[in-house]
Amino acid sequence: MLNFITLREALVWLLLVTATIITWQVAEGEPLTNLSRTLLVAVSAFKVRLVIRQFMQLRSMPRPWQVAFDGWIMLAASIILIGFHST
Amino acid sequence: MQATYATPTKSQSNQIPGEEGVFIFVLIDMMVFAVLFASYAFERKKNIELFNQSQELLSVGIGTVNTLILLTSSWFIVLSIRALQRQRRRAALVFLALTLFTGFMFIVSKGFEYQDKFAAGVSMLTNDYYMFYFMMTGLHLVHVCIGMIALGILFTKIKNGTAGEHALESGATYWHMVDLLWIFIFPLLYVFR
């Protein structure tokens with residue numbers, strides 16, 4: 001019937017949903033600090049990497065492609081972290 | 001004992017799902033958004049109070065729902081590909097239709113969100129924060145609409161048997177990009193202050 005649904009991809013989706021709900025709960029709670037912002041950016045970067053590697057199937061692609069996409073994740077996460085770092 | 005070998009498909013042999021050109025396009029598009037993220041962070045530093053105050057009109061709950069819709073949509077298109085790989089065209093079409101439906105839900109929720117802002121007298125010209133808000137979410141929404149059109153065409157072609165796994169993988173690559181861009185847009189515009 002639905003034997004094309006893999007446990008691995010279902011778990012990836014569940015992990016992504018859980019991480020999103022955690023982000024929402026943190027955002028609705030106490031005012032954000034540099035530490036909580038850093039953690040939330042790390043969670044977002046982790047989610048993006050999961051989508052890229054597991055859903056976009058980048059994990060099976062040649063290494064230069066993986067480096068390019070990982071580089072973008074690092075760049076975007078750094079921009080957000082630097083932009084929101086309060087001294 | 002005779003060994004049997006499966007003939008590798010094009011995507012397995014070069015290990016690239018779908019067209020390589022789509023990945024190049026997607027990476028360039030992602031760089032454009034990275035520049036937008038940097039512009040937003042730079043402009044925000046000039047007037048943090050205004051940005052924080054303006055952001056209060058946004059609902060983190062709606063942003064979360066938007067994210068959940070797109071994440072689910074991404075999973076649906078993966079399931080559509082998996083079904084097609086197993087020659088289950090009917091199931092593939094069902095999951096592709098679900099992908100389109102969740103995409104449509106995202107568009108509708110954005111419509112309500114914009115309507116809410118306009119009702120509060122807020123537009124792109126209100127201030128710098130809202131200029132970025134409408135520009136970034138609007139550009140993202142245009143990408144969603146383009147993806148919907150492409151996936152709609154693919155739906156028809158797969159139904160007619162004129163497109164297969166390779167084309168669907170290319171469409172999925174673009175669709176996942178729409179999802180991952182939103183994963184960064186959500187904290188940037190809705191959560192961080």
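In this predicted model, the side chains of B:Phe101, B:Phe104, B:Met105, B:Val108 and B:Phe112 form a nonpolar patch on the surface, and together they offer about 500 Å² of accessible area. One of these residues, B:Phe104, belongs to helix H5 of chain B, which covers residues 89-119. Because its relative accessibility is 47%, B:Phe104 is classed as partly exposed.

Turning to charged pairs, a search of the whole structure finds 5 salt bridges over all chains, and the table lists some of them by the distance between their closest N and O atoms.

| Salt bridge | Closest N and O atoms |
|---|---|
| B:Arg82 with A:Glu9 | 2.7 Å |
| A:Arg49 with A:Asp70 | 2.9 Å |
| B:Lys117 with B:Asp116 | 3.6 Å |

The salt bridge of B:Arg82 with A:Glu9 crosses between chains, running from helix H4 (residues 60-85) of chain B, where B:Arg82 lies, to helix H1 (residues 7-28) of chain A, which holds A:Glu9. Both B:Arg82 and A:Glu9 are buried.

Within chain A, A:Arg49 forms a salt bridge with A:Asp70. Since A:Arg49 is in helix H2 (residues 34-55) of chain A and A:Asp70 is in helix H3 (residues 63-84) of chain A, this pair ties together parts that are 21 residues apart in sequence. A:Arg49 has a relative accessibility of 36% and therefore counts as partly exposed.

In chain B, B:Lys117 forms a salt bridge with B:Asp116. B:Lys117 counts as buried because its relative accessibility is 2%, whereas B:Asp116, with a relative accessible area of 45%, is partly exposed.

Methods:
Residues numbered from 1 in each chain as written. Chains lettered and ligands numbered in written order. Predicted model: local features only at pLDDT ≥ 70, side-chain atom pairs only at ≥ 80, totals over all residues. Heavy atoms only, no water. Patch = residues over 30% accessible without salt bridge, like charges linked within 9 Å, V, L, I, M, F, W, Y side chains within 5 Å. Areas by Shrake-Rupley, 256 points an atom, 1.4 Å probe, with all protein chains shown as cover. Salt bridge = Lys/Arg side-chain N within 4 Å of Asp/Glu carboxyl O. Helix = DSSP H or I, 4+ residues; strand = E, 2+ residues; numbered from the N terminus. Buried < 20%, exposed > 50% of the residue type's maximum accessible area, 1.4 Å probe, protein only.
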